[in-house]
Amino acid sequence: MLVRAATLKDLDTLVDWGKRLTNESPRFKKQGFDEKRARNVFAYLIDKHGSILMVTDEYSNPVGTLIGALDTDWRTGQTLAYEQGLYVLPEYRKSGAASDLIETFKVWADMNKADRIQIGTITGIHAERTVSLYESLGFELVGYVLEMEV
């Protein structure tokens, strides 16, 4: 697998994967998907931060993505790199693609002088396996996320 920075040419693929992720996730499916908003956010992150990664198979076909961003921690002033989404096509989920994306994101965070990385799962898709993967790559479970509709 090869990981590369996403380009604006990847926008259609990213939007398609956003739809797929939304349909696969029990939680996201109820919330819907704003295609125009997603396209605009993806374009901004690609153009301004280079913070969307794509993993490709041996034929250069995209098979997964990690959407990342940087922000300043309000408590410490430290730079925080965080994952906004990780998606790998179902048929590639045990191929090492997710690990490759996460390892590359760690390098990207370091290159962007992040002090910490936060990564998580809120989709309801294989949550325990996802947490185990993150822990195997050096992340520590530090809390929980709870949500309710208002």
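## Exercises on a predicted model

At 66% relative accessibility, K113 counts as exposed. This value, like the others below, comes from a predicted model. Let's work through a few exercises together.

**Exercise 1. Find where K113 lies and say what stands out about its phi.**

*Step 1.* Look for K113 in the loop between helix 4 (97-111) and strand 5 (116-118).

*Step 2.* Turn to the backbone: phi of K113 is positive, about 60°, although K113 is not a glycine.

*Step 3.* Set this against the general pattern. Most residues other than glycine have a negative phi.

**Exercise 2. Describe S60 in the same way, then relate S60 to D47.**

*Step 1.* S60 sits in the loop between strand 2 (52-56) and strand 3 (62-72).

*Step 2.* Its phi is near 70°, a positive value in a residue other than glycine.

*Step 3.* Decide whether S60 is buried or exposed. The relative accessibility of S60 is 54%, and exposed means over 50%, so S60 counts as exposed.

*Step 4.* Now go to D47, which belongs to helix 3. With a relative accessible area of 53%, D47 is exposed.

*Step 5.* Compare chain and space: D47 and S60 are 13 residues apart along the chain, and their C-alpha atoms are separated by 22 Å.

**Exercise 3. Work out how helix 1 and helix 3 pack, and which residues meet.**

*Step 1.* Locate the two elements: helix 1 covers residues 11-24 and helix 3 covers residues 35-49. Their axes are 10 Å apart, at an angle of about 130°.

*Step 2.* Name the arrangement. The angle of about 130° makes helix 1 oblique to helix 3, because it falls between the range of 65 to 115 degrees for roughly perpendicular and the limit of over 145 for roughly antiparallel.

*Step 3.* Add the handedness: the crossing of helix 1 and helix 3 is right-handed.

*Step 4.* List the partners. From helix 1 come L11, D12, L14, V15 and K19; they meet E35, R39, F42, A43 and I46 of helix 3.

*Step 5.* Sort the residues of this contact by kind: six are nonpolar, four are charged and none is polar.

**Exercise 4. Is T22 buried or exposed, and which residues does T22 contact?**

*Step 1.* Place T22 in helix 1.

*Step 2.* T22 has 8% relative accessibility; buried means under 20%, so T22 counts as buried.

*Step 3.* Leave aside the neighbours within four places in sequence, and T22 is in contact with F28, K29, G32 and F33.

**Exercise 5. Trace the surroundings of S25.**

*Step 1.* Find S25 in the loop between helix 1 and helix 2 (26-31).

*Step 2.* S25 has a relative accessible area of 0%, so S25 is buried.

*Step 3.* Check the side chain: one of the polar atoms there lies 3.0 Å from the backbone nitrogen of F28.

*Step 4.* Beyond its neighbours within four places in sequence, S25 is in contact with T123 and I125.

**Exercise 6. Finish with Q31: which residues does Q31 contact, and where is L86 relative to Q31?**

*Step 1.* Q31 is part of helix 2.

*Step 2.* Its relative accessible area is 39%, which makes Q31 partly exposed.

*Step 3.* With neighbours within four places in sequence left aside, Q31 is in contact with E147 and E149.

*Step 4.* L86 and Q31 are 55 residues apart along the chain, and 18 Å separates their C-alpha atoms.

How values were computed. Residues numbered from 1 in each chain as written. Predicted model: local features only at pLDDT ≥ 70, side-chain atom pairs only at ≥ 80, totals over all residues. Heavy atoms only, no water. Axes fitted to C-alpha atoms, helices over the stretch in contact; angles between N-to-C directions. Helix = DSSP H or I, 4+ residues; strand = E, 2+ residues; numbered from the N terminus. Parallel < 35°, antiparallel > 145°, perpendicular 65-115°, else oblique. Left-handed = near helix turned anticlockwise from the far one by under 90°. Contact = heavy atoms within 4.5 Å. Nonpolar A, V, L, I, M, F, W, Y, C, P; charged D, E, K, R; others polar. Buried < 20%, exposed > 50% of the residue type's maximum accessible area, 1.4 Å probe, protein only. Polar contact = N/O pair within 3.5 Å; in protein donor to acceptor, adjacent residues only side chain to side chain.
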